[in-house]
Every structure is written in structure tokens, then in C-alpha cells.
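Thank you for making time for this, everyone. I would like to walk through one structure with you, taking the empty spaces inside it as the thread, so please have a look at it before I go on.

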Amino acid sequence: MKQERDEQTVERKLFAKAGGLCQVVLVGLFAAFVRYADTASATAAANATVATYYGFFQDVHVMIFIGIGFLMTFLRRYGYSAVSLNFLLGAFVIQWAILANGLMEQVFDGPLHLIRVDIRTLITSDFAAAVVLISFGAFIGHATPLQALFIAGAEVLFYAANERYGVHELKAVDMGGSIFIHTFGAYFGLACSKALLRGRYPAGKEFEDQTAGYRSDLSSMIGTVFLWMFWPSFNGVLAPSNANSQHRVIINTVLALTASCITAFVISSLLSKNGKFEMEHIQNATLAGGVAVGSSADLVIEPWGALLIGMLGGAVSTWGFYYLTAKLQSAIGLRDTCGIHNLHGMPGVVGAVAGAVSAYLASDSEYGQSVTVIYPARDTRSAMEQAEYQLLALGVTMGVALVTGYITGLVARLLPSAKSA
């Protein structure tokens, strides 16, 4: 027991040194390569950038630091880790993502230049934080802070490269991040968990540390409600104002969320032997509509289409929590502590497919001349070709996430670790 405590003390001290070094290095990199954007400079004329984006940005910020953090507090043993490490990783990723996104922009688009920061930069950094925190849900409590910090740093680079390739090379449309945020984060986290925890927990073993209690479930519902309320801002914060895209995002996301909420309650009751609601379903599957509608949130899918997508997301997510998590755990020993496959992975795939179908059905009669505002590549592609590229982006994203996630997990195993963080 004393030896284990000593080992944990060494690990914590090592994290303190590594974390402090990371912050010092980030200060140096910002000093060398990062400057204010023109809209934030002292000499710029007054502009509406803050008025346009700050409200949405704060909504997304609340989702990252309160919504996701408290959602994971359903774990009785890891409530502190859920909130505090969520806080730590979110703060780190915001800084690191500014550099990573700026680097990938120059790698793909060139030429080399200083990275300019405005409020839109902070929003895209929040998106990167969401990706990392989604992945963190797969192995929360079973990676040390040092391992989590390393995984976050590596994942941001892979995420930024994949997102840049998908949007700027494949020209896939993914306004709410079903593909590049939710699907990538989920499958990176699952692959990382599989590699990181390989051999630690035998297939078929039940994990007592995944249990919840009355108070922890109630705490988790705080995160659920915050996420549910602010999800329209997450999907629509960067939607263009022309072609009424942002207006459609809000309508479609709200409708999809209401449908997934009702569907989750209904299916949870139907699957339960005594008809009671399972809190795990209510905490998570009620949100799946926001994930599933992401890729098509700004499209003309009509209100009934948003409701249908939300229903599918809620149904798939609830079924995953009820059946699939335990099946994967017993069959291949896949650790998914918070069920990210059910809330982000499968609904993300549903959203990507819905986005491809929407791209195929998009016609000039619905969008008029603004079809190229929604689909920039439609000036040279047919609707069918755009749908194919949407699916290609999904396949590439899943492949990159699985491969890089597994490699990152293997490397993280080499760092000092403990059975619980």
C-alpha cells in the first residue's frame, strides 16, 4: 500500500513538472507565432465581431466546461476527475488548438505566416476541446493526468489535420460536427482506450467503478440539461448569415433534440423490465439528436426531417447503452466508461449519413443561387458526387481516428500510470 502511494506521488509530481513545462513552452510559442487578428487590434475600426459571436461563444464555453464536465459526474468514484480534469484539459486544448489549427491551415493552404487570433479562433479551439473531452469519456478514471495531457496534445494535432483535409480538400459540409467532432472524438477515444487499457481488464469482467448513485446521477443531469439547452449554439455558431443558414440550424437542432428526448424516454421504458427509466439513457440519449442532426443542421431538411433524424439518433443511442456497451465490453474488452460510442459515435455516423442523403437531395429549386454557399464544391460537382464525398469524409475520419487513437494509446502506456487517476 505504501509503495503504491509513493508511486502515485511520483506520478503527480511528474505531471506538475510536465504541465508547468507545457505552459511555459506555450507562452514561448505564442510570443513567436501568435498575434491579434486585425479585428482585435488597437488600431482597427469598430466592428461587430464581438456582438455577432460572443453570445454563441459563451454558450459553447458553458457546454465545454459545465455541460460535458458535469455529464460525466454520474461515476461515483470519479466525480472529481470528471469536473477537474475536464477543466484542465479544456484550458490546455484551447491554447494548443490555436497553434495546431494555425499550423494545419498553413500546411494545407500556405504560405507561412503569423497565426491571427480573434473570437472565431477561440470558438474553433472550443470545438477541439470538445473532441478531446469526448475521447476522455472512454477512459476517464483510468489514465493519469499526465497521460490525459499527452493524449490531448496528440489528439488535437490529428483532429486539426483531419478536419482541415475533410473541409478544404474533400470539401465536405459538416456544420454541427457530426463527422469531424463527434465521430472523430468517439472513435479516437475508443481506440485509445483499447490500447491504453489493453490487458488491464480481462474481457467479460464487470467494473464496479462504473456504477452510479442517486446524487451522482442528479449531478450528471445538470450537465445534460445545460448541453440540451445550448446545443443549437454549438451547431450554429459559425453558420453563415447569408442563405438563412443560422436560422435553420437553430430550428433543426431544437426539433431534433426534442425528438431524441422523447424517443429516449420511450425506448428506455420499453426496454426496462419494470418500465422504469434508466438514468444512463436519460442523461445521454436525450442529447443524441443534437449530434445526429449536426451535418445537416444548416440544410433544407424540413422540420419533419429534423424530427426524424432526432428520433433515429435517440433510438440508436438508447439501444447502444442498453445492449451494445456491455456486448463490446464482454466480447473484446473494450472499455467505454461514459458510453461515448452511444452518444457520439453511432449518432455521429447517423448524422454523417443523413448529411450525405441531404446533399444528394439538395436541388437548385430549394437553394437557388445559394446552393454553392452551402456546398462550395457544387460549382463543379453534381449532387450525387457531393453525397459521395460526404461519405468519403466519414470513412477517412473513422480510419484516421481509429489508427491515430490506437497509436496514441500505445505511446501513453509508456508513461507512468496507475489503475485509477
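Is Ile68 buried or exposed? In this model, which is predicted rather than determined by experiment, Ile68 is buried, because its relative accessible area is 14% and anything under 20% counts as buried. Ile68 is part of helix 2, and its C-alpha atom is separated by 7.4 Å from that of Leu133, although the two residues are 65 apart along the chain.

Ile68 also leads us to the enclosed spaces. There are two cavities of 30 Å³ or more in the structure, and the largest cavity has a volume of about 220 Å³. Twenty residues line that largest cavity, and Ile68 is among the closest to its centre, together with Leu71, Ile134, Leu343 and His344. If you want to find the walls on the screen, look for helix 2 (49-71), helix 4, helix 7 and helix 12 (340-361), which are the elements that each give two or more residues to the lining of the largest cavity. By class, this lining has 15 nonpolar residues, five polar ones and no charged ones.

Let me turn to the second largest cavity, which holds about 50 Å³ of space. Its lining is made of Leu190, Leu324, Thr325, Leu328, Gln329, Leu334, Asp336, His341 and Asn342. Two elements, helix 11 (302-332) and helix 12, give two or more residues to the lining of the second largest cavity, and the largest share, four residues, comes from helix 11. Here the classes are four nonpolar, four polar and one charged.

Now for the open space. The largest pocket contains about 1,100 Å³, and 37 residues line it, with Arg120, Glu163, Val167, His168 and Leu238 lying nearest its centre. Several elements give two or more residues to the lining of this pocket, including helix 3 (79-109), strand 2 (115-117), helix 4 (119-139) and helix 6 (178-196). Which element gives the most to the lining of the largest pocket? That is helix 5, with six residues. The lining of the pocket divides into 20 nonpolar, nine polar and eight charged residues.

I would like to add a word on the cysteines. A disulfide is a covalent bond between the sulfur atoms of two cysteines, and the structure holds zero disulfides. Cys22, for instance, is in no disulfide, and the nearest cysteine sulfur to that of Cys22 belongs to Cys192, 16 Å away. Cys338 is in no disulfide either, with the sulfur of Cys192 again the nearest cysteine sulfur, at 14 Å. As for their surroundings, Cys22 is partly exposed, with a relative accessible area of 28%, whereas Cys338 is buried, with a relative accessible area of 7%.

Finally, the aromatic rings. The count comes to 11 aromatic pairs, and ring pairs link Phe158, Tyr159, Phe184 and Phe188 into a cluster. Elsewhere on your screen, you can look for Arg381, which lies over the face of Tyr389 at 3.6 Å from the ring centre.

Technical notes:
Residues are numbered from 1 along each chain as its sequence is written. This is a predicted model: local features need pLDDT of at least 70, side-chain atom pairs count only at pLDDT 80 or more; totals for chains, interfaces and linings use all residues. Side-chain values use heavy atoms; hydrogens and water are left out. On a 1 Å grid over the protein atoms alone, a cavity is a set of points where a 1.4 Å probe fits but cannot get out, and a pocket is an open set with protein on both sides within 12 Å along at least five of seven lines; lining residues have an atom within 4 Å of a point. Grid points are joined across faces, edges and corners, and a volume is the space filled by probe spheres set on the points. Ala, Val, Leu, Ile, Met, Phe, Trp, Tyr, Cys and Pro count as nonpolar, Asp, Glu, Lys and Arg as charged, and the others, Gly among them, as polar. A disulfide is a pair of cysteine sulfur atoms within 2.5 Å. Buried means under 20% relative accessible area, exposed over 50%, partly exposed in between (1.4 Å probe, protein chains only). Rings of Phe, Tyr and Trp (its six-membered ring) pair if their centres lie within 6.5 Å; planes under 30 degrees apart count as stacked, over 60 as edge-to-face and the rest as tilted. A charge sits over a ring if NZ of Lys or CZ of Arg is within 6 Å of the ring centre and within 35 degrees of the ring normal.
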